[in-house]
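Q: Hi! I'd like to go through the cysteines in this one with you. Could you pull up the structure?

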Amino acid sequence: MEMKHLCLLLMFVSSAVAAKNGMNRPMAGGLFDPPDMTSVPQEVVENALMKFESTRDRLESRYGYSLTKPSVTQVKSQVVRGMMYHVTLIAGSITSPKDFSSVRPAAGKDFIQCTVRVWSQPMMNSERHLSVEAQELSITDDCQAADMTKYMDAYRDQFDKFLMNFKRGYRKNDGTNEYEYRFLVFVQNMLTVEMLNQFEKGTAKYGPTKFADMTEVEFRNIQSGHLKTTGITKQAAIPQGPVPQEYDWRDHGAVTPVKNQGQCGSCWAFSAIGNIEGQWQIKKGQLISLSEQELVDCDKVDFGCGGGEMRDAYEALIKLGGVMTERAYPYRGENETCKFNVSEVKVKINGYVNISKNETEMAGWLAAHGPISISINAQMMRFYSGGIAHPWKIFCNPNNLDHGVLIVGYAVKDGEPYWIVKNSWGEDWGEKGYYLVYRGDGTCGLNLDNTSCIVD
């Protein structure tokens with residue numbers, strides 16, 4: 001962090017020199033733009049967001065509506081005793097999707113903009129070299145109704161293309177006001193996308209995925225629903241010896257094509273079944289597409305489309321007596337009556353194990369034994385369109401595990417180590433259905449809840 005401050009100070013000096021030579025640069029003591037958003041210390045953005053959240057109740061009372069999570073749209077710096085950062089945030093209103101009639105088409109009026117000042121100052125005679133603190137946010141002086149005209153104009157054509165690409169049923173002037181509502185949600189989400197692209201540490205790009213007209217609540221209800229539980233599970237033995245630099249089980253025939261859970265929170269079933277498919281192929285030499293719907297309908301410990309847990313899924317399949325094929329028990333994406341038929345069972349498992357939280361040991365186990373079922377925070381996956389994702393922790397809390405996926409391999413590209421993660425949102429999402437995510441620092445909590453079934 002001290003190096004970042006040094007870089008900014010040097011940049012300011014070079015700006016002053018450039019100004020002396022006639023270039024258009026900020027004056028001494030004035031505000032200037034950092035070279036890029038990633039040069040802004042993470043603690044500065046975190047403090048700005050925390051200060052906004054601490055003021056949320058008063059803001060909502062003043063403006064008369066609930067507010068979304070804010071997006072950082074601008075950061076400017078000022079040399080003081082240390083650095084003063086001026087962080088601009090925009091948040092929009094939350095309208096119930098069941099009541100489109102309350103949406104105002106002119107509606108950027110339902111957005112507010114706040115500027116939070118964060119002072120990063122040197123601390124003398126202290127073990128801490130720097131102190132980072134956001135100043136009190138005044139809802140009268142620092143917050144105001146946002147002028148959203150430029151955003152509304154900029155995103156209108158993009159939204160209409162989105163409607164065509166993803167075949168949405170609502171249209172402008174169809175009498176429902178849903179178009180206006182969804183456009184406002186889209187604008188809010190695109191502000192988030194811009195923020196994520198600016199702060200991304202890896203090569204990932206974010207954009208208008210098929211979830212771009214959904215609120216965060218809607219997205220979580222239909223796409224995640226994973227519930228983390230605790231329990232005593234046997235710990236997997238970690239192979240000894242060198243770990244291969246790269247390994248991908250897709251190259252060894254142990255991964256079925258990407259599937260789509262649809263509008264059902266059954267990620268946990270797809271994660272568990274993907275692991276079982278891989279283990280069966282590795283041990284028995286047969287890659288069989290197995291039934292997630294069997295778990296949705298017949299696992300009475302979990303909650304079907306309402307969420308579940310992979311260990312519970314393994315336990316349920318052991319008690320049922322095995323897994324039917326996808327063809328025999330096709331996926332429907334709804335909670336239905338259990339239609340399990342023991343005579344149609346094709347695959348059986350014998351138990352399950354926890355796998356190390358150490359990512360080097362995870363890689364060693366995967367290369368030796370097969371794909372790993374994991375939990376992850378899906379927040380950054382929502383608008384992911386490709387590249388190696390390496391977000392700041394403030395945007396992807398590792399303790400909020402809400403989605404089940406499958407690690408099928410790992411690799412290195414341009415010096416960046418990453419995991420290859422099979423998702424269950426269809427091939428029209430991400431890297432043809434896959435998520436490439438940084439390997440080595442527990443990004444989005446991907447190393448905290450890792451399991452595999454056992455096939456004898």
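A: Happy to! Let's begin with Cys264, which counts as buried because its relative accessibility is 1%. Keep in mind that this is a predicted model.

Q: Thanks. Which cysteine is Cys264 joined to?
A: Its partner is Cys305, and the S to S distance in that disulfide is 2.0 Å.

Q: Where do Cys264 and Cys305 lie?
A: Cys264 is in the loop between β9 (247–248) and α6 (267–284), while Cys305 is in the loop between α7 (292–298) and α8 (310–320). The two are 41 residues apart in sequence, so the disulfide ties together separate parts of the chain.

Q: And Cys305, buried or exposed?
A: Cys305 is buried as well: its relative accessibility is 16%, and the cut-off for buried is under 20%.

Q: Left-handed or right-handed, that link of Cys264 and Cys305?
A: Left-handed, with -95° about the S-S bond.

Q: How many disulfides turn up in the whole structure?
A: The search finds 4. Counting bonded cysteines along the chain, they follow the pattern 1-2, 3-5, 4-6, 7-8.

Q: Nice. Which cysteine does Cys298 pair with?
A: Cys298 forms a disulfide with Cys338, and their sulfur atoms are 2.0 Å apart. This link is right-handed, with 100° about the S-S bond.

Q: What does the pair of Cys298 and Cys338 tie together?
A: Cys298 belongs to helix α7, and Cys338 sits in the loop between α8 and β10 (351–354), so the disulfide connects parts that are 40 residues apart in sequence.

Q: How buried or exposed are those two?
A: Cys298 has a relative accessible area of 7%, so it is buried. Cys338 is at 31%, so it counts as partly exposed.

Q: OK, further along the chain now. Which cysteine is joined to Cys396?
A: That would be Cys444, again with an S to S distance of 2.0 Å. The link of Cys396 and Cys444 is right-handed, with 125° about the S-S bond.

Q: Where do Cys396 and Cys444 lie?
A: Cys396 is in the loop between β13 (388–389) and β14 (403–413), and Cys444 is in the loop between β16 (434–438) and β17 (450–454). They are 48 residues apart in sequence, so here too the disulfide ties together separate parts. Both Cys396 and Cys444 are buried.

Q: I also spotted Cys267. What is the nearest cysteine sulfur to it?
A: The nearest is that of Cys264, 9.0 Å away, and Cys267 is in no disulfide.

Q: Is that Cys267 side buried or exposed?
A: Cys267 is buried, with a relative accessible area of 0%.

Q: Changing topic: what about Cys453? Buried or exposed?
A: Buried, with a relative accessible area of 3%.

Q: And how many residues of β17 are buried?
A: 4 of the 5, so β17 is largely enclosed by the rest of the structure.

Q: Which strands does β17 pair with?
A: One of them is β10, which pairs with β17 in the antiparallel sense over 4 bridges. Another is β11 (residues 372–376), which runs antiparallel to β17 and is joined to it by 2 bridges.

Q: Which residues sit across from each other there?
A: On the β10 and β17 pairing, Gly351 has Ile454 as its bridge partner. As for β11, Ser373 stands opposite Thr451 in β17.

Technical notes
Residues are numbered from 1 along each chain as its sequence is written. This is a predicted model: local features need pLDDT of at least 70, side-chain atom pairs count only at pLDDT 80 or more; totals for chains, interfaces and linings use all residues. Side-chain values use heavy atoms; hydrogens and water are left out. A disulfide is a pair of cysteine sulfur atoms within 2.5 Å. Buried means under 20% relative accessible area, exposed over 50%, partly exposed in between (1.4 Å probe, protein chains only). Two strands pair if DSSP finds at least two bridges between them.
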